[in-house]
Amino acid sequence: MKLHNIELETVEYLRTPAAIRQKCDRLFDLARLDKLRYFRVDLSQLDKAANYVIETTREQYPDFNIPFHSRWRHFEAGNLPRHAELDAALAQFALIDQAKIKFDLAIISVLLDAGAGAEWQYCEPETGQIYRRSEGLAIASLRMFCQGVFSSNPDFPWQADYLGLSQLKLESLAAGFQVSRDNPLVGLTGRLELLQRLGKAICQHPLLFGSENPRPGNLAKYLLDSRVSVSKTVNAADVLSAVLTGFGEIWPGRYAIGGVNLGDVWQHRALTGETLGDEFVPFHKLSQWLTYSLLEPLHEIGLEVTRLDELTGLPEYRNGGLCLDIGLLQAKNSAIFEQSYLPGSEVIVEWRSLTVNLLDKMAAAIREKLHLSADQLPLVKILQGGTWAAGRKIAAELRAGGVPPIQIESDGTVF
């Protein structure tokens, strides 16, 4: 399908981190003027928020040697050396093949990382340890990956190929996640359909994912080959662009322009205007989380990822919950907390938009207090140190089970 120029330009714009910030900033400016329907902001709480995040960071990383906020952190849950075990298993392969395998794993695991719900848990057979939420999803997906659940080649389990993904069965995914009547996982069918669509989508982009045996992990070779003749660096926004281009068609039932699925992009009535796309607010939360999770495998093949702070903070319920629970955001009506919402509801779009802006403001305040520059303490480390952990911590202090302050009806593909 051929897009008209204005459609193509709008789609490309909505796939940029700059568009995320610009749209979120517009809603934030309206919030400052108390012109939004659901939330107002209180920047007098910014100092308190920055201190709380610094305190949380020091608890986790006393030396402030903070790693990137990525899926690889969840594989280390319980301080067990799963990453080292994987490295040992892959030592026989060339570096580029190791990177492809790690890309396959990270991509699959991130796409399975939408909210698990409060009732689900995973008991790791290898250790007997029980994990919940993101850590449980990560470890379950790692174990499934190493067992070859996503591979169509029984002689090579360490891959997620188009055939293994497109033919994946609900029973296999349910078994891998230990789902039962007594152990329900939110959005299991949505997760399955997402991976099945991924299997089909990677066949549509042979330049990114290869033509002989299309795999998400072949994106590692594409990024290396596209940069090696120029330099050994790649901009974070370029990695995100490749992710959004390659995986754009996998998202279900979303808005489209010219037949192109926009992904994690939603409407807000306050932005309606005369130009195509004015009403849309992009977030690309899972795609940015995925981009952050590809940084370490890229480093291992000699690529330096630059301009990290062009990407935004992740607008999900831990970061957004921190903003509400610490008082930076205030609901105009307490009835907001008494029901649940779909991701496209205006309540959720406002909450996420304001979170993106407030994460930037918290990052600036934290750096100022610590006398560090953005290069020394990039946003991806503040998220890890950091805001995500602080959101989980304050939720546990305020509510049984550490549930977020606003309840979301997840389809397994956004949060």
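At 14% relative accessibility, Lys 100 counts as buried (under 20% relative accessible area, with exposed meaning over 50% and partly exposed in between, for a 1.4 Å probe and protein chains only). Its salt-bridge partner is Asp 97, with the closest N and O atoms 3.9 Å apart; a salt bridge here is a side-chain nitrogen of Lys or Arg within 4 Å of a carboxyl oxygen of Asp or Glu. Asp 97, at 31% relative accessibility, is partly exposed. Both residues sit in helix α6 (residues 95–111), three residues apart, or about one turn of the helix. Helices (H or I, at least four residues) and strands (E, at least two) are DSSP runs, numbered from the N terminus.

The model is a predicted one, in which local features need pLDDT of at least 70 and side-chain atom pairs count only at pLDDT 80 or more, while totals for chains, interfaces and linings use all residues. Residues are numbered from 1 along each chain as its sequence is written, and side-chain values use heavy atoms, leaving out hydrogens and water.

The salt-bridge count comes to 24. One of these joins Glu 296 to Arg 73, the closest N and O atoms being 2.9 Å apart. Glu 296 belongs to helix α14 (residues 285–300) and Arg 73 to helix α4 (residues 71–74), so the pair ties together parts that are 223 residues apart in sequence. Both Glu 296 and Arg 73 are buried. A further salt bridge links Glu 310 with Arg 307, at 2.5 Å between the closest N and O atoms. Salt bridges that share partners also join Arg 82, Glu 85, Glu 124, Glu 126 and Arg 143 into one network.

Helix α14 deserves a second look. Of its 16 residues, 14 are buried. The helix bends by about 25° at Leu 294, with Pro 297 following within four residues; the bend is the angle between axes fitted to the seven residues ending at a residue and the seven starting there. Just after α14, Gly 302 takes a positive phi of about 90°.

Turning to the interior, there are four cavities of 30 Å³ or more, a cavity being a set of points on a 1 Å grid over the protein atoms alone where a 1.4 Å probe fits but cannot get out. The largest has a volume of about 150 Å³, volume being the space filled by probe spheres set on the points, which are joined across faces, edges and corners. It is lined by 14 residues, of which Asp 113, Ser 134, Lys 285, Glu 316 and Trp 388 lie nearest its centre; lining residues have an atom within 4 Å of a point. The elements giving two or more residues to this lining are α7 (133–146), α14, α15 (317–326) and α17 (379–398).

Terms used:
1 Å grid on protein atoms, 1.4 Å probe; cavity = no way out; pocket = protein on both sides within 12 Å on 5 of 7 lines; lining within 4 Å.
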